Each structure stands twice: as structure tokens, then as C-alpha cells.
Amino acid sequence: MRPYEVMVILEPTLEESAVQQVINRSTEVLTAGSVTVNKVEKWGKRRLAYEINHRTEGYYVLFDVTGEPAPMNELDRQLRLADDVIRHKIVRIPEQAAGRKLPGATPAAAPQAQDAQEEKAEEGA
């Protein structure tokens with residue numbers, strides 16, 4: 001299971017019920033593929049960094065999910081086809097950033113291994 005963040009920018013003119021429908025469709029696609037939706041944050045209307053399709057505002061929604069790549073590909077396809085979605089981005093979060101330990105790695109071992117590599121490099125020079 002891999003952690004992902006999904007940012008979706010919707011049409012700013014959508015009503016709250018239409019925004020909720022897009023969120024519900026997205027979560028249904030994810031849960032059908034055995035993806036766990038950890039959190040959904042509605043950021044609301046915000047100004048875009050640059051104009052997209054003659055729009056300067058968008059309604060932002062952030063999904064925090066955990067799952068496998070195949071359902072994420074299906075979500076990507078669904079969002080690409082949706083008329084209400086201006087832009088979307090699916091990002092895989094690195095294991096360390098998601099607050100998880102890598103198997104066999106200890107937090108104290110990583111700096112020691114780096115110090116050992118630096119010492120070998122100095123000896124070789």
C-alpha cells in the first residue's frame with residue numbers, strides 16, 4: 001500500500017452539491033479499487049497561480065489516500081474525462097515523508113552509514 005495525495009481543481013461556479021458529487025464519485029472509484037481514503041479536505045475557492053482555460057479561480061479539493069497504483073490510474077482517467085475538473089494531480093508520497101519506516105532501516109543507522117561512506121571517500125583521496 002502506497003500513500004498518495006490527489007489535488008483536484010474544480011470549476012469555481014459549481015454549487016456545493018455539485019462539488020460533493022465529484023468528491024463522492026472520486027471516492028467511489030477509489031474504494032472500488034480497495035484504496036483507503038484517509039482524508040478529504042475542501043480548500044474552497046482560491047485564486048489560480050496562472051490562468052487556465054480563461055479562468056482565474058478554482059475550487060480546490062485535496063484527497064489523502066493509501067492504495068495500489070491501478071485504482072489511481074482509473075481515478076486519473078475519470079478525472080481527465082470529467083467536465084467539472086479544471087486540473088488534477090496525483091502524487092505518490094515517499095515512504096519517509098508519509099511517516100513510515102522502510103523495512104530493515106533504523107533511523108539511527110542512516111546517519112552512521114553516511115558517515116562511514118564519507119570516511120571511506122576521505123581515505124581514498
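## Report on a predicted model: sheet, helices and salt bridges

At 57% relative accessibility, R80 counts as exposed, since the cut-off for that class is over 50%. The structure described here is a predicted model. R80 has its place in helix α2, and its side chain will return below in connection with D76 and H88.

### The sheet

Four strands build an open sheet, in which the order is β2-β3-β1-β4 and the pairing is antiparallel. Strands β2 and β4 (85-92) stand at the edges with a single partner strand each, so one side of each has no neighbour in the sheet. On average, neighbouring strands of this sheet are turned by 20 degrees against each other, direction ignored.

One pairing can be followed in detail. Strand β2 covers residues 36-52 and strand β3 covers residues 55-67; the two pair in the antiparallel sense over 11 bridges. Together β2 and β3 form a hairpin, with 2 residues between them. In the turn, N53 has a positive phi of about 50 degrees. I52 has R55 of β3 as its bridge partner. For R46, the bridge partner in β3 is G58.

### Helix α1 and its buried residues

Helix α1 spans residues 16-32. Its 17 residues should cover 24 Å at 1.5 Å a residue, and the end C-alpha atoms are indeed 24 Å apart, so the expected and computed spans agree. Just after α1, S34 takes a positive phi of about 65 degrees.

The buried residues of this helix are A18, V19, V22, I23, S26, T27, V29 and L30. An α-helix has 3.6 residues a turn, so residues three or four places apart point the same way. The buried residues of α1 pack against strands β1 (2-10), β2 and β3, and also against helix α2 (69-81).

T27 serves as an example from this set. T27 counts as buried because its relative accessibility is 17%, and the cut-off for burial is under 20%. Leaving aside residues up to four places away in sequence, T27 touches V37, V40 and F63.

### Salt bridges

A search of the whole structure finds 5 salt bridges. Side chains of opposite charge can pair when their charged atoms come close. Three of the salt bridges are set out in the table, each with the distance between N and O atoms.

| Salt bridge | N to O distance |
|---|---|
| E16 and K42 | 2.8 Å |
| R77 and E74 | 3.1 Å |
| D76 and R80 | 2.4 Å |

The closest N and O atoms of E16 and K42 are 2.8 Å apart. E16 lies in helix α1 and K42 in strand β2, so this pair ties together parts that are 26 residues apart in sequence. E16 counts as partly exposed, at 44% relative accessibility. K42 is likewise partly exposed, with a relative accessible area of 38%.

The salt bridge of R77 with E74 lies within helix α2, where the two residues are 3 apart and therefore separated by about one helical turn. R77 has a relative accessible area of 40% and is partly exposed. E74 also counts as partly exposed, with 30% relative accessibility.

D76 and R80 both belong to helix α2, 4 residues apart, which is about one turn of the helix. Their side chains meet in a salt bridge of 2.4 Å, N to O. The side chains of R80 and D76 are also recorded as making a polar contact, again at 2.4 Å.

### D76 and strand β4

D76 has a further side-chain contact beside the one with R80. The side chain of H88 makes a polar contact with the side chain of D76, at 2.5 Å. H88 lies in strand β4, which is one of the edge strands of the sheet. H88 is buried, with a relative accessible area of 19%, whereas R80 is exposed at 57%.

Not counting residues up to four places away in sequence, H88 touches M7, V8, D76, L79 and R80. D76 thus takes part in a salt bridge with R80 and in a polar contact with H88, while H88 in turn touches both D76 and R80.

Terms used
Residues numbered from 1 in each chain as written. Predicted model: local features only at pLDDT ≥ 70, side-chain atom pairs only at ≥ 80, totals over all residues. Heavy atoms only, no water. Pairing = 2+ DSSP bridges. Axes fitted to C-alpha atoms, helices over the stretch in contact; angles between N-to-C directions. Buried < 20%, exposed > 50% of the residue type's maximum accessible area, 1.4 Å probe, protein only. Contact = heavy atoms within 4.5 Å. Expected span 1.5 Å × (residues − 1). Salt bridge = Lys/Arg side-chain N within 4 Å of Asp/Glu carboxyl O. Polar contact = N/O pair within 3.5 Å; in protein donor to acceptor, adjacent residues only side chain to side chain.
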